[in-house]
Amino acid sequence: MNTLLLTHPAGLSHDNGPGHPERADRVRVIERILEHERFMTLIRAQAEEGTREQALRVHPESYVQALEQTAPRDGFARLDSDTTMSPGTLDAAFHAIGGACQAVDEVMRRDVDNAFVAMRPPGHHAERATPMGFCFFNNAAVAARHARAVHGAERVAIMDFDVHHGNGTQDIFWSDPNVMYLSTHEMPLYPGTGSTTERGEYNNIVNAPLNAGDAGAQFREAMEVAILPRIEQFRPDLLVISAGFDAHRRDPLANLNLVEADFAWATSKLMDVSDRVCGGRLVSLLEGGYDLDGLARSVAAHVLTLMGA
Ligand SMILES: [Zn+2]
């Protein structure tokens, strides 16, 4: 497989403040582990800076302007109890959406088989007009709308295995029949949404909540029963993964017990379904994951699987 890895130093410049779990070290440990010789055949490139046009396919102009006006010249600007802007936040956020769209371009043009974008801030809690949960722009939503607008994709599926429910992605696509959002997540847990009764206006939202303490067996069953058949039936032209690794058993923010092999298994199953329905077109975007060791090893397992190694 030709797997593209996109990174950019801008991802290091967003700072949530001291002691915050969503920190630059997250992408540092990912970049370090992906330096191993097992990853020598990765195609590496720098994430491009995204554009307002890309952001505006998901977020209203007033929202982008409010973020620009709030961004501090120095110090911090606190948006809510866990979401903070620093002077580097917008540069990071624009490179995160830029990398997501660049990955879509390369995969849709078949220049590469699949792609992993190791950027931050994450995106799946960002709603149309509300930043929250460490998120500013919804990277996966921007990727999906980019595939539709620029590459003529009719349908896009976004599968989110981050331990938290992607309330933002669900909010954005609630009334969009062309995008299916599917999520496994611990419940109850932040942000509180994600029950099976939340199905979207076109039955295009698929939630498969898990219980605290659940491990690989329950996760794999949820994937096989609730998630994979729905992606197959939807027949998307592109599959986007909201790849959060905070369901790892070491993660301090949640209570699921996944291990690296579970992430590799899920990646392989998602590749299989995308092979069957959309020629294997798959773009994976980093979301959460807050134990540095668990995160790095899980990303390594995920990317090795994408590479077909
Ligand atoms: Zn998360």
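Reader: What is the bridge partner of Asp 160 in S7, and how do you know that S6 and S7 pair?

Author: In this predicted model, the bridge partner of Asp 160 in S7 is Ser 183. Strand S6 (residues 156-160) and strand S7 (residues 179-186) are joined in the parallel sense over 5 bridges, and since pairing asks for at least two bridges between two strands, S6 and S7 count as paired.

Reader: Which residue stands opposite Asp 160 in S9, and what makes S6 and S9 a pair?

Author: Opposite Asp 160 in S9 stands Ser 242. S6 and S9 pair in the parallel sense over 5 bridges, where at least two are required. On to the next strand: S9 and S10 run parallel and are joined by 5 bridges, with Leu 286 in S10 as the bridge partner of Ala 243.

Reader: What makes S2 and S8 the edge strands of the sheet?

Author: The open sheet has 8 strands in the order S2-S1-S5-S10-S9-S6-S7-S8, with parallel pairing. Strand S2 (43-46) and strand S8 (205-210) are called its edges because each pairs on one side only, a pair needing at least two bridges. Between neighbouring strands of this sheet the average turn is 15°, direction ignored.

Reader: How do you know that helix H4 packs on the sheet, and which strands does H4 touch?

Author: Helix H4 (residues 89-108) touches strand S1 (3-7), S2, strand S5 (114-117), strand S9 (238-243) and strand S10 (282-286), and its direction makes about 170° with that of S5. Helix H9 (residues 292-306) also packs on the sheet, touching S1, S5, S9 and S10, with its direction at about 165° to that of S5.

Reader: Why is S9 called mostly covered?

Author: Buried means under 20% relative accessible area, and 6 of the 6 residues of S9 are buried. In a regular strand the side chains alternate between the two faces of the sheet. Both faces of S9 are covered, with Leu 238, Val 240 and Ser 242 buried on one side and Leu 239, Ile 241 and Ala 243 buried on the other.

Reader: Why are H7 and H8 called roughly parallel?

Author: The axes of helix H7 (residues 216-234) and helix H8 (residues 260-278) come within 11 Å and cross at roughly 15°. Angles under 35 degrees count as roughly parallel, and H7 and H8 are therefore described in that way. Their crossing is right-handed. The contact includes Phe 219, Met 223 and Leu 228 of H7 and Trp 265, Leu 270 and Val 273 of H8, and by class the residues of this contact divide into 10 nonpolar, 1 polar and 6 charged.

Reader: What makes H8 roughly parallel to H9?

Author: H8 and H9 pack at an angle of about 30°, with their axes 8 Å apart; the limit is under 35 degrees, so H8 counts as roughly parallel to H9. H8 passes H9 in a right-handed crossing. Among the residues in contact are Phe 263, Thr 267 and Met 271 of H8 and Arg 297, Ala 301 and His 302 of H9, and the contact has 5 nonpolar, 5 polar and 2 charged residues.

Reader: Why does Asn 211 count as partly exposed?

Author: The relative accessibility of Asn 211 is 49%, and because buried means under 20% and exposed over 50%, Asn 211 counts as partly exposed. Asn 211 has its place in the loop between S8 and H7. Leaving aside neighbours within four places in sequence, Asn 211 is in contact with Glu 186, Met 187 and Leu 256.

Note on methods
Residues are numbered from 1 along each chain as its sequence is written. This is a predicted model: local features need pLDDT of at least 70, side-chain atom pairs count only at pLDDT 80 or more; totals for chains, interfaces and linings use all residues. Side-chain values use heavy atoms; hydrogens and water are left out. Helices (H or I, at least four residues) and strands (E, at least two) are DSSP runs, numbered from the N terminus. Axes are lines fitted to C-alpha atoms, for helices over the stretch in contact, and angles run from 0 to 180 degrees between N-to-C directions. Contact means heavy atoms within 4.5 Å. Angles under 35 degrees count as roughly parallel, over 145 as roughly antiparallel, 65 to 115 as roughly perpendicular and the rest as oblique. A crossing is left-handed if the near helix is turned anticlockwise from the far one by less than a right angle, and right-handed if clockwise. Ala, Val, Leu, Ile, Met, Phe, Trp, Tyr, Cys and Pro count as nonpolar, Asp, Glu, Lys and Arg as charged, and the others, Gly among them, as polar. Buried means under 20% relative accessible area, exposed over 50%, partly exposed in between (1.4 Å probe, protein chains only).
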